[in-house]
Amino acid sequence: MTANPVSANSNACLISPEIGKSLIAPAHPPLKLGVLASGSGSNFEVIAQAIQNQQLNAKIPVLIYNNPEAKAATRAEKYGIPSILLNHRECKSREELDTKIVKTFQEYDVEWIVMAGWMRIVTKVLLDAFPDRVINIHPSLLPSFPGIRAVEQALAAKVKITGCTVHIARLEVDSGPILMQAAVPVLPDDTAETLHARIQVQEHKIMLGAIALIAESNRKYCD
């Protein structure tokens, strides 16, 4: 696995980025992404589809999911991507789960980890095995509204603008250097469902944008 090409101290932030048809030149080896998902897997599928359409110079050797009912596994099957269930309920601790995750990703020679709707708190075990190479997406403009129910937090605070953030994961929940953000206006008649739906549109864009930035940085590092 390669060393981290993105500075952990970077606070680079892009608001509502425009993602072009070609996110990165395909002349270099694709970035190997291990994806963690707990639910529907919509962010996972956006990544897989961009790879299939040659919009993103990356590949997904394996998807790990922790919920037996997660639809992400069905999406992975559609794209011919291996998926592995690591049920957290069968583990005695978060560290035990992360040890299994690390072992699996190392077996598949994963370079970066994408938490695409991963509803588990990660531990030092995972972050030490992939230092500064675990990214997360969160439905708010961090550092505002970290933690669970971020959309509901934004509505309760009566903010006029919220959004989403892709960042490098740290032990503190929803902290770490920001890679990319997108702003989403809060409308007067918004509910948690309508606001979340609009945020998710931007989540898909900045997830691809952040991975493209990482892949480009990795290419320059390798050059």
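**Exercise 1. Which helix gives the most to the lining of the largest pocket?**

Solution. The structure is a predicted model. Begin with the pocket itself: about 890 Å³ of space lies in the largest pocket. Among the 36 residues that line this pocket, G117, W118, M119, I137 and P139 are the closest to its centre. Next, consider the elements that supply at least two lining residues each: α1 (42-52), β5, α5 and α6 (192-222). Of the contributors, α6 gives the most, with four residues.

**Exercise 2. Determine how β5 is covered and which strands pair with β5.**

Solution. Step one concerns burial. Five of the five residues of β5 are buried. In a regular strand, side chains alternate between the two faces of the sheet. For β5, one side carries V134, N136 and H138, while the other carries I135 and I137; both faces are covered.

Step two concerns the neighbouring strands. Strand β4 (residues 112-115) runs parallel to β5 and is joined to β5 by three bridges. Within this pairing, V114 stands opposite I135. The chain passes from β4 through α4 to β5 in a right-handed β-α-β crossover. With strand β6 (residues 161-168), β5 pairs in the antiparallel sense over four bridges. There, N136 stands opposite H167.

Step three places the residue P131, found in the loop between α4 (124-129) and β5 (134-138). P131 counts as partly exposed because its relative accessibility is 39%, and partly exposed covers the range between 20% and 50%. P131 and A169 are 38 residues apart in sequence, and their C-alpha atoms are 9.3 Å apart in space.

**Exercise 3. Explain why the buried residues of α5 lie on the same side of the helix.**

Solution. The buried residues in helix α5 (residues 150-157) include A150, V151 and A154. They cover an arc of only 105 degrees around the axis, and therefore lie on the same side of α5. An α-helix has 3.6 residues a turn, so residues three or four places apart point the same way. Just after α5, K158 takes a positive phi of about 60 degrees.

**Exercise 4. Establish whether Q181 is buried or exposed, and identify polar partners of its side chain.**

Solution. Q181 is located in strand β7 (residues 178-185). Its relative accessibility is 7%, so Q181 counts as buried, the cut-off being under 20%. Two partners of the Q181 side chain follow. A polar atom of this side chain lies 2.9 Å from the backbone oxygen of L142. The side chain of T165 makes a polar contact with the side chain of Q181, also at 2.9 Å.

**Exercise 5. Locate the cis peptide bond at P143 and the positive phi values of Q54 and D174, and give the accessibility of Q54 and D174.**

Solution. The reference case is that most residues other than glycine have a negative phi, and most peptide bonds are trans. First, the peptide bond from L142 to P143 is cis, with omega near 15 degrees. P143 belongs to the loop between β5 and α5.

Second, Q54 has a positive phi of about 60 degrees. Q54 sits in the loop between α1 and β2 (58-65) and counts as exposed, because its relative accessibility is 71%.

Third, D174 has a phi near 55 degrees, again a positive value in a residue other than glycine. D174 lies in the loop between β6 and β7 and is buried, with a relative accessible area of 14%.

How values were computed: Residues are numbered from 1 along each chain as its sequence is written. This is a predicted model: local features need pLDDT of at least 70, side-chain atom pairs count only at pLDDT 80 or more; totals for chains, interfaces and linings use all residues. Side-chain values use heavy atoms; hydrogens and water are left out. Buried means under 20% relative accessible area, exposed over 50%, partly exposed in between (1.4 Å probe, protein chains only). Two strands pair if DSSP finds at least two bridges between them. A crossover is right-handed if, with the strands pointing away from the viewer, the path from the first strand over the helix to the second runs clockwise. The arc is that of the directions from the helix axis to the C-beta atoms. A polar contact is a pair of N or O atoms within 3.5 Å; within protein, one must be able to donate a hydrogen and the other to accept it, and residues adjacent in sequence count only if both atoms are side-chain atoms. On a 1 Å grid over the protein atoms alone, a cavity is a set of points where a 1.4 Å probe fits but cannot get out, and a pocket is an open set with protein on both sides within 12 Å along at least five of seven lines; lining residues have an atom within 4 Å of a point. Grid points are joined across faces, edges and corners, and a volume is the space filled by probe spheres set on the points.
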